[in-house]
Amino acid sequence: MMEFIQELKNRNETLFYFGQICLWAGIVFLMLSKISPLKIYGVSAWYKPFKFAVSLGVYSWTMAWYCYYLPNFNLNLFNWTVVVLWSFELIYIAFQASKGQLSHYNLSTPVYTILYGLMAIAATVVTLYTAYVGFLFFNDDFPLLPAYYLWAIRLGIILFVIFSLEGFAMGSRLNHSVGALNDNSNLWIIAWSKTVGDLRVAHFIGMHALQVLPIVSFYFIKDTKLTVGLALIYGLLSLSTLIQALQGKPFLKSPI
């Protein structure tokens with residue numbers, strides 16, 4: 001593990017430290033969720049900043065690792081785009097949590113409406129920038145990378161982009177639930193609904209193809225065809241959870 005961390009730092013020091021800050025912030029938010037009485041839609045107000053902090057930290061470390069392979073890539077521009085836009089999102093989400101108020105779907109005042117819109121723009125910019133990185137992985141040759149690993153990165157980025165943009169399905173409805181209003185269940189910190197459809201499930205599973213596919217391919221599968229097959233199965237799993245949610249069905253049902 002220490003070798004991996006040192007290599008990650010050597011590959012991209014900016015995103016290494018930013019990811020570390022996000023992960024440490026996630027620990028702080030998790031601690032606050034245990035001591036703060038603030039709740040939003042029935043769960044701790046600090047769950048959302050915790051989940052975002054971990055997700056943004058993991059994304060930053062993942063892209064720090066992948067972008068190292070790209071020749072003639074403007075790494076500095078990418079780094080600071082990620083740092084500035086993700087910092088804005090995380091700071092605003094945490095600030096709203098500290099007041100026990102919504103960050104997402106909050107149109108209660110003109111200021112909150114603008115900030116919510118800016119969060120959507122920030123997420124879209126980073127997603128499209130990631131799509132561009134994916135294009136470069138298709139457009140360039142990488143003779144030193146195993147073909148199965150290269151395809152895992154390519155397909156992981158494609159699924160990430162698709163299911164990141166699926167966030168608009170929630171944003172346009174101002175609701176992550178289908179069949180209720182932003183329902184949360186006592187499903188640990190992820191709080192996915194156990195009674196109605198939850199659009200966050202496909203969003204989560206699909207986006208983390210960015211990490212899952214390359215890790216499984218590189219360490220376990222080590223085969224291009226099997227990697228492509230895994231990506232198809234993973235994509236179908238993500239799509240099926242989206243269809244399930246749109247039908248108003250929970251991913252995991254409450255015990256009767």
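Helices (H or I, at least four residues) and strands (E, at least two) are DSSP runs, numbered from the N terminus. With that in hand, let's work through some exercises.

The model is a predicted one, where local features need pLDDT of at least 70, side-chain atom pairs count only at pLDDT 80 or more, and totals for chains, interfaces and linings use all residues. Residues are numbered from 1 along each chain as its sequence is written, and side-chain values use heavy atoms, with hydrogens and water left out.

**Exercise 1. Helix 9 and its end**

Task: Compare the span of helix 9 with that of a straight helix of 13 residues, and find what its buried residues pack against.

Solution.
- Step 1: Start from the expected span, which is 1.5 Å times one less than the number of residues. For 13 residues a straight helix would cover 18 Å, yet helix 9 (residues 209-221) spans only 15 Å between its end C-alpha atoms.
- Step 2: Now pick out the buried residues (buried means under 20% relative accessible area, exposed over 50%, partly exposed in between, with a 1.4 Å probe and protein chains only). In helix 9 they are Ala 209, Leu 210, Gln 211, Leu 213, Pro 214 and Ser 217.
- Step 3: These buried residues pack against helix 3 (47-67), helix 6 (147-165), helix 8 (200-207) and helix 10 (224-246).
- Step 4: Look just past the helix, where Lys 222 has a positive phi of about 55°.

**Exercise 2. A residue within helix 9**

Task: Describe the surroundings of Val 216, a residue of helix 9.

Solution.
- Step 1: Val 216 has a relative accessible area of 24%, so it is partly exposed.
- Step 2: Contact means heavy atoms within 4.5 Å. Setting aside neighbours within four places in sequence, Val 216 touches Ile 221 and Leu 230.
- Step 3: For a longer-range check, take Ala 64: it is 152 residues from Val 216 in sequence, and their C-alpha atoms are 19 Å apart.

**Exercise 3. Salt bridges**

Task: Find the salt bridges of the whole structure and classify the residues in them.

Solution.
- Step 1: Side chains of opposite charge can pair when their charged atoms come close. The criterion here is a side-chain nitrogen of Lys or Arg within 4 Å of a carboxyl oxygen of Asp or Glu. The search gives 2 salt bridges.
- Step 2: Glu 7 and Arg 11 form one of them, at 2.9 Å from N to O. They sit 4 residues apart in helix 1 (residues 2-11), so about one helical turn separates them. Glu 7 is partly exposed because its relative accessible area is 28%, whereas Arg 11, at 12%, is buried.
- Step 3: Arg 200 and Asp 198 also form a salt bridge, with their closest N and O atoms 2.8 Å apart. Arg 200 is buried at 15% relative accessible area, and Asp 198 is buried at 2%.

**Exercise 4. Cysteines**

Task: How many disulfides does the structure hold, and why is Cys 22 not bonded to Cys 67?

Solution.
- Step 1: A disulfide is a pair of cysteine sulfur atoms within 2.5 Å. The structure holds 0 of them.
- Step 2: The cysteine sulfur closest to that of Cys 22 belongs to Cys 67, and it is 16 Å away, so the two are too far apart for a bond.
- Step 3: Cys 22 counts as buried, at 1% relative accessibility, and Cys 67 is buried at 3%.

**Exercise 5. Positive phi in two loops**

Task: Where do Tyr 41 and Ala 191 lie, and is each buried or partly exposed?

Solution.
- Step 1: Tyr 41 is in the loop between strand 1 (39-40) and strand 2 (43-44). Its phi is near 50°, a positive value in a residue other than glycine. At 36% relative accessibility, Tyr 41 is partly exposed.
- Step 2: Ala 191 belongs to the loop between strand 3 (177-178) and strand 4 (197-198). Although not a glycine, Ala 191 has a positive phi of about 60°. Its relative accessible area is 1%, so Ala 191 is buried.

**Exercise 6. A polar residue in helix 4**

Task: Which residues are in contact with Asn 79, leaving aside its neighbours within four places in sequence?

Solution.
- Step 1: Place Asn 79 in helix 4 (residues 75-98).
- Step 2: At 4% relative accessibility, Asn 79 is buried.
- Step 3: The contacts are Asn 12, Thr 14 and Leu 15.
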